[in-house]
2 protein chains.
Amino acid sequence: MTARPANAHQSQLLRLLRDGGPSSRAQLSEQVCLSRSKLAVEVDRLLEAGLVVADGLAASRGGRRSHSLRLSPELRFLGVDIGATSVDVAVTNGELDVLGHITQPMDVREGPVAVFEKALSMAAELRASGLAEGFHGAGIGIPGPVRFPEGVPVAPPIMPGWDGFPVREVLSQELGCPVMVDNDVNLMAIGEQHAGVARSAGDFLCVKIGTGIGCGIVVDGRVHRGTTGSAGDIGHIQAVPDGRPCACGNHGCLEAHFSGAALARDATEAARQGRSADLAARLAASGALSAADVAAAATAGDTIALDLIREGGTHTGQVLATLVSFFNPGLVVVGGGVAGLGHTLLAAIRAQVYRQSLPLATGSLPIVLGELGPAAGVIGGARLISDHLLLPA
Amino acid sequence: MTARPANAHQSQLLRLLRDGGPSSRAQLSEQVCLSRSKLAVEVDRLLEAGLVVADGLAASRGGRRSHSLRLSPELRFLGVDIGATSVDVAVTNGELDVLGHITQPMDVREGPVAVFEKALSMAAELRASGLAEGFHGAGIGIPGPVRFPEGVPVAPPIMPGWDGFPVREVLSQELGCPVMVDNDVNLMAIGEQHAGVARSAGDFLCVKIGTGIGCGIVVDGRVHRGTTGSAGDIGHIQAVPDGRPCACGNHGCLEAHFSGAALARDATEAARQGRSADLAARLAASGALSAADVAAAATAGDTIALDLIREGGTHTGQVLATLVSFFNPGLVVVGGGVAGLGHTLLAAIRAQVYRQSLPLATGSLPIVLGELGPAAGVIGGARLISDHLLLPA
C-alpha cells in the first residue's frame, strides 16, 4: 500500500478522514462537492487501494445506521525531531495521533551519520515494540536552515558535517519510504497548528527557545521558508547594540543574550560568583547547570534565577516587538525547552512586546505557550509528510 | 459594460490579454487548458460582453493571418495615491498602461473630505482631457493602515479625521464604479511587481521612504497585510535604543531618526547651526528645507547633506537587517520620495544589511531602487482594482 491518492477528490476525502476521524459516507458527502454516485466511485477506489477501510457502524443520526469509513489503521508515519542536544522520534497513525514517542539525549555536533544512526535505531525500537510494521512516510526536523525542495541542510552555524548532507535521500533509502526534511522550528509551528494552540490561526509566529532560538512563520496557513530556507532564523538578529560577542562573529545577537545555552552560562557564572546559593548548590551537585536547573531554582524562589529568566524574556520581547510590528500576526506561540521557564518568561516577553510594538498590531494579540511540548516537532514531522503524500499523484 | 468575467476561463483569458497584450486565438490557446471549441465559446462571450475586441490582424506566424484579440480599448481604471504631502491620480487602459498622470501637493492632515475632493477634481480633469469617459474601477492608496476587506483606514497615526472614514463606500458612490482601498506602501509594492523592478520576484520587501517610512511585504506573489492591516508598518520599529522621542510616544523609532520629515528637520538644524553653507543658502532662499533640498545639496557635494543621508541609510539598514534575517526575501526594493537621494542612500542601506544580516539571507539578495518612481502607487492602484474585477463573478 502506498499512501497516495489518485486525484484531488480522493485527496480531499483522505484529508477529511485524517482531520475529522471516522465518518459516514453521508457525513463526507456534506463536505465535498461530489454527487453521491461519484463519491461512491472514489470511496470504492480508496477502499480497493487499502487507504480507507469500512469500520463497523457509524453513529446513527436518526436514520439507518451506515457503515463508517476511516483511514487504514495500518498507516504509520514517523516524526523525527533533531534538536541541538536531543532526538525525539515518534510513530503516528494516519490521523497523526502519537502511538509511541521516545526521547534520547544526543549532541547534534556529532554529525549527521551518528545522529541518524541513533534516530534510526530509535525508529527500529518503536517498530520492534509492535507499534508499526513499517512506515509510509517520515518527516524530519533539523536545527538549522534547510533547502526545502531538496531536503538538505544548508550552512547550519554550529553543526559541523551537516552542510549539504543529503538527509532526505539517505533516510528515504534507509527507511524505504518517502521523507521530507524541514527546519525544526517550522515543524514545531506545523505541529502546534495541527494539534496544538495554533489550530485556528492563519497568520502566526512560533518562537522556539531551546539551545538556540528560532521562529516559525506561518502566512495564510502555510509555512514561509524564505528564499534560501533561512526565514525565521532570528537567533542572530541584533538584540543589544554592541552587546555580547556571538559565535557568528557579530555582537549583541539575541542568541548570545538568551537561549538555553546562554542561560546555562549565565547561571553558572552567577553560581561561581556566589550570587545565588540555590544555583551554587545545584552546580555543586551535578557539575553543570542547564536551563532546567534555572527553571527549578526559579520555582524555588531564587531571585537570581528569576532575574535571568526575566532579562532573557525582555531581550526576546525586544526582538519580537519588531517582528510583531512588521508581520502583524494573529498569534504568537512560545515553545521549546526553555518554555519550561513558563509564565515568568512569558510575562517578560509579553510586557516588552505590548510596550514596544504598535498598538494596532498588539491590540488583540495573544502571546501564549505552546500546548504540545516536545511532541510538537514530531507531530509536525508526521503532518509534513502526510500533507506531502496527500497531494494527488 | 462591466469589467467582470463570468467564469474562471474568461478570467484567465482577460488576464493573459492584460499582461501579454493583443494576442491571436492560437496564442491564447497555447496558454489555457481549453479545447479550441470551448475557447471559441468563451472568446465569443467576451466579445459579446464588450470586454474584448477583435483588433485587425495579428502578426503572422507563418500560416494564415488570424484576427488579433485585445481588451476593450474603452476600459479605464483610476489609480489614486494619497501621500502625506501630495496626491497622485492616474488613468490607465485595461492593460494598465498609464494614459495620464497628475500630481498635486496636498496635506493629508486636511482630512479625507478635502483630500478626496481634490482627488476627484483631478480625476475629473483627466476625464475632461478626453482620456476617459468614465472609470470601470479605481484603486486608492492611503498613507496608513487599512482594514482591507472594508476599505476603511484604521487608527492612522498622524491623520486626524481618517480613522474609520468609509473611503471605499464614499468613492465608489462618487465615481460610480467599484473601488478598492489599500495602504500606499502596498500599492507601491504591487506597482513595482506589475511593471517595475519586482516583476519576477515571489517574496520581496518594498521599503517606501517618504514623509514617513513603511514596508510592503509580498509573500508568494501576494501582499501580506497582517491580521489588523498594519503589517509592514516599520516606521515605529525601534532603530536606536533610548533614541529620539517619536510622535507615537516611544523613543528611537526609525521614523524619528530617518524619513522625509526627519531629514528636513535635521537639515534645517544643520543650516541654522551654520554647519552647512549650502543648506543655509537653500534655507535662506526658500524659507524651508525638504528632502529634495538635501538631495540637491548632496549632489552639489555638501558633506553635511551626504552625512545626513548616510546616517539615515544606516538606521534604515539596521531595521532592514533584522527584517531580512527574519523574512529571507529574494529582493528588497527601496522607493518613495526620499529614494531621490539615490545611490548614496542605497549604498548606506546595503552596507548595513550586508554587514548585519545572516550571510545565508543576504548571499544573493539584491537591494535596489524602485523603477517606477511616483507612478508605482497609481499603477499599483489600477492593478489592485483590475485583479479584483478579474475574479470570476
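Two strands count as paired if DSSP finds at least two bridges between them, and the legends below apply this criterion to a predicted model.

**View 1. Parallel pairing of strands S14 and S15 in chain B.** Strand S14 (residues 331-335) of chain B and S15(B) are joined by 3 bridges and pair in the parallel sense. Within this pairing, B:Val333 stands opposite B:Val368 of S15(B).

**View 2. The open sheet that contains S14(B) and S15(B), with helix H12(B).** The sheet is built from 5 strands of chain B in the order S13-S12-S11-S14-S15, and its pairing is mixed. Strand S13 (222-223) and strand S15 (367-369) of chain B each have a single partner strand and stand at the edges, so one side of each is left without a neighbour in the sheet. Helix H12 (residues 342-356) of chain B lies across strand S11 (204-209), S14 and S15 of chain B, and runs at about 165° to S15(B).

**View 3. A second open sheet of chain B and the helices that lie on it.** Here 5 strands of chain B follow the order S6-S5-S4-S7-S10, again with mixed pairing. The edge strands, strand S6 (98-105) and strand S10 (179-183) of chain B, each pair on one side only, and neighbouring strands of this sheet are turned by 15° against each other on average when direction is ignored. Strand S7 (residues 137-142) of chain B runs parallel to S10(B) and is joined to it by 5 bridges, with B:Gly141 standing opposite B:Asp182 in S10(B). Helix H6 (residues 184-195) of chain B packs on the sheet, where it touches strand S4 (77-82), S7 and S10 of chain B, and its direction makes about 100° with that of S10(B). Helix H14 (residues 375-390) of chain B lies across S4, strand S5 (86-92), S6, S7 and S10 of chain B, running at about 130° to S4(B).

**View 4. Buried and exposed residues of helix H3(B).** The buried residues in H3(B) are B:Leu39, B:Glu42, B:Val43 and B:Leu46. They cover an arc of only 100° around the axis, which puts them on the same side of H3(B). The exposed residues B:Ser37 and B:Glu48 are carried by the face turned away from the buried side of H3(B). After H3(B) comes B:Gly50, whose phi is positive, near 80°.

**View 5. Surroundings of B:Phe326 in the largest nonpolar core.** This core has 97 residues, and those with the most contacts inside it are A:Phe326 and B:Phe326. Leaving aside neighbours within four places in sequence, the residues in contact with B:Phe326 include A:Leu205, A:Ile217, A:Leu323, A:Phe326 and A:Phe327.

Terms used
Residues numbered from 1 in each chain as written. Chains lettered and ligands numbered in written order. Predicted model: local features only at pLDDT ≥ 70, side-chain atom pairs only at ≥ 80, totals over all residues. Heavy atoms only, no water. Buried < 20%, exposed > 50% of the residue type's maximum accessible area, 1.4 Å probe, protein only. Helix = DSSP H or I, 4+ residues; strand = E, 2+ residues; numbered from the N terminus. Arc of directions from axis to C-beta. Core = buried A, V, L, I, M, F, W, Y, C linked by side-chain atoms within 4.5 Å. Contact = heavy atoms within 4.5 Å. Axes fitted to C-alpha atoms, helices over the stretch in contact; angles between N-to-C directions.
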